Amino acid sequence: MRWWLKARGRWRETAFWSDYSWQPQTGLRRSTGLRKYQASFPWEQYPSVRGGDTPGRSRGKPLVPCRWNHAKEAEGELSFLSIVESYCDRAERVVEKELVKRLRTPKDENERMLWVRGVLDAIRSCGHVLEVAFPIRRDNGCWELIKGCRAQHSQHRLPCKGGIRYSKSVSADEVKALAALMTYKCAVVDVPFGGSKAGVTIEPKNYSVSNILICARRDQTKKLTMSWIADTYAWTLGHKDINSYACVTGKPISQGGIHGRPSATGRGILHGIENYINNATYMNLIGLKTGLSGKTFVLQGFGSVGFHSMRYLQRYGACCICVEEVDGAIYNADGIDSNELQYYKQEHGTIVGFPKAKKLEGSALEVPCDILIPAAIEKQLTKENAHRVQAKIIAEGANGPTTPDAHDIFLQRKILVLPDLYINAGGVTVSFFEWLKNLNHVSYGRLTFKYERDSNYHLLMSVQQSLERKFRKSCGSIPIIPTPEFQARIAVSYQIMSIATKYNLGLDQRTAAYICAIEKIFKTYIEASFIY
């Protein structure tokens, strides 16, 4: 299609706005609570071309592309999709001039600026949205029409990766927002997938297994239904494909799954926090001592992500003092054991009434602690409650729990926010290994990355100990410190930290993470000739 459009001279009109026009959107204003604190953030500095005004932009107003005029869900409240695009726009403002410098052609700087904006507009756009409606027969004999949709945000890498959300409230905008987040998340952690997501408008607890089976064979969720989907595909469209079971991830081990997938997101949250909490520079900025041992944390949401995050953090010496679910919250200053709470929830269906904790009156988000982990749903931290949050670190276990206004307030209050597209990317990372396992038809005893990391660590320790034995009389301890390049290779967090330093972003790790993703996707678009 691209070559046909190029030959007909119509590619530019179909790919971007013909005039690359930009216009203000009131939804991206700076929060009222910030105006008395700060004049501007880095993303509010508008680049100029040859000292003049930027083509297509006016001075002094936060601008976004014309097509971003989404309706607000409530007065003064942005939709989930608008929130994701707002964060993306901030990152693009910061990185735009750098991307223009990297382009060698065309020679005219104005043309390069327009070219970059066109590519960035293509990166932001959701590529495909499919809406479906299909009937199912309920156990009582009546028929019900089930509606769903699937969005593929970007196909710059294939296949597109993304699960499904079962909820009566799911919408197309929500699905597109989650698909966009998956695109950026995969780019940040260097997983070669495009981003996608699906949604089905049912509440699973109100349907029988047979009803969910019908829906699952059209979509995907959880371990059992992943197996159903893989089986359905293998016996229909993929009956001649030896790699057919690679069509979905998150399957049971017997069906080609991989060990560690259920706990992968929680384990990723642990290591993501660990990378920052052991960094003296960032801990000095927020006034917290390094190390996880003895730190207190509060958890919102006790599902799979919440439980495994709690379990791993406790193994490393942290103490969970509060857990909140949809039906209530519990508190114990001396700590709550993850396994005991899980057993209680499995038996009673709720955490309320747990005998080793008292009921909390109020919101768990406002409980004093060192680390806050919102692992429930989006838009939990807003400008209404951001001033009352008393944590030093916020690790976003859920997708989109923080609104832009709340994010700005946290920056002003020197609260370190570890963004969702970095901190909860453990699941997609392990899914990538499961996909490779299915394609290669092998079983991994341990993940190659972890094995190589441990091997490199022991190699460095061997060099350090050898040098100390040789020169111990004159030099004392001789620490072997990895170079920034080596650190960036083995940990995504160092890439984000280096970008934050390069663009003088301070504690704003979210903008740094989006820049990290945008730079990688931009490079793919240019080198693969997605844009003509």
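Q: What do the buried residues of helix 12 pack against?
A: They pack against helix 3, strand 13, strand 14 and helix 18, where contact means heavy atoms within 4.5 Å. Helices (H or I, at least four residues) and strands (E, at least two) are DSSP runs, numbered from the N terminus. Keep in mind that this is a predicted model, in which local features need pLDDT of at least 70 and side-chain atom pairs count only at pLDDT 80 or more, while totals for chains, interfaces and linings use all residues. Residues are numbered from 1 along each chain as its sequence is written, and side-chain values use heavy atoms, leaving out hydrogens and water.

Q: What makes helix 12 (residues 404–412) largely enclosed by the rest of the structure?
A: Eight of its nine residues are buried, so helix 12 earns that description. Buried means under 20% relative accessible area, exposed over 50%, and partly exposed in between (1.4 Å probe, protein chains only). The buried residues are Pro404, Asp405, Ala406, His407, Asp408, Ile409, Phe410 and Leu411. Just after helix 12, lysine 414 has a positive phi of about 60°.

Q: How do you know that alanine 513 is buried?
A: Its relative accessibility is 0%, so alanine 513 counts as buried. This residue belongs to helix 18 (residues 509–527). Outside its neighbours within four places in sequence, alanine 513 is in contact with Val188, Pro419, Leu421 and Ile496. Its C-alpha atom is 9.6 Å from that of alanine 187, a residue 326 places away along the chain.

Q: Why does glutamate 174 count as buried?
A: Its relative accessible area is 8%, so the label applies to glutamate 174. You will find this residue in helix 5 (residues 172–188). With neighbours within four places set aside, glutamate 174 contacts Phe80, Arg165, Ser169 and Glu378.

Q: What makes the pair of tyrosine 344 and phenylalanine 354 edge-to-face?
A: Rings of Phe, Tyr and Trp (its six-membered ring) pair if their centres lie within 6.5 Å; planes under 30 degrees apart count as stacked, over 60 as edge-to-face and the rest as tilted. Here the ring centres are 5.7 Å apart and the planes meet at 75°, so the pair is edge-to-face. Tyrosine 344 sits in helix 11 (residues 338–348) and phenylalanine 354 in the loop between helix 11 and strand 11, so the pair ties together parts that are 10 residues apart in sequence. Tyrosine 344 is buried at 14% relative accessible area, and phenylalanine 354 also counts as buried, at 5%.

Q: Which residues do ring pairs link into a cluster?
A: Tyr87, Tyr184 and Tyr514 are linked in this way. The structure holds six aromatic pairs.

Q: How do you know that strand 3 and strand 4 pair?
A: Two strands pair if DSSP finds at least two bridges between them. Strand 3 (residues 128–137) and strand 4 (residues 143–152) run antiparallel and are joined by 10 bridges, with histidine 128 opposite glutamine 152. The two strands form a hairpin with five residues between them, and glycine 141 in the turn has a positive phi of about 95°.

Q: What makes strand 11 and strand 14 edge strands?
A: Seven strands form an open sheet with mixed pairing, in the order 11-10-9-8-12-13-14. Strand 11 (358–359) and strand 14 (416–418) each pair on one side only. Within the sheet, strand 8 (residues 296–300) and strand 12 (residues 371–374) pair in the parallel sense over four bridges; the partner of glutamine 300 in strand 12 is proline 374.

Q: Which residues have the most contacts inside the largest nonpolar core?
A: They are Tyr184, Ile273 and Val323, in a core of 92 residues. A nonpolar core is a set of buried Ala, Val, Leu, Ile, Met, Phe, Trp, Tyr and Cys residues joined through side-chain atoms within 4.5 Å. The largest share of this core, 11 residues, comes from helix 3 (residues 80–102). A second, separate core has 20 residues, including Cys322, Ala364, Leu365 and Ala391.

Q: Where does pLDDT stay under 50?
A: One such stretch is residues 1–39, with 75 contacts beyond four places in sequence in the model. Another is residues 217–221, where the pLDDT is below 50. pLDDT is the predictor's confidence in each residue, from 0 to 100. Where pLDDT is low, the predicted coordinates should not be read in detail. The mean pLDDT of the protein chain is 77, and 74% of its residues reach 70 or more.
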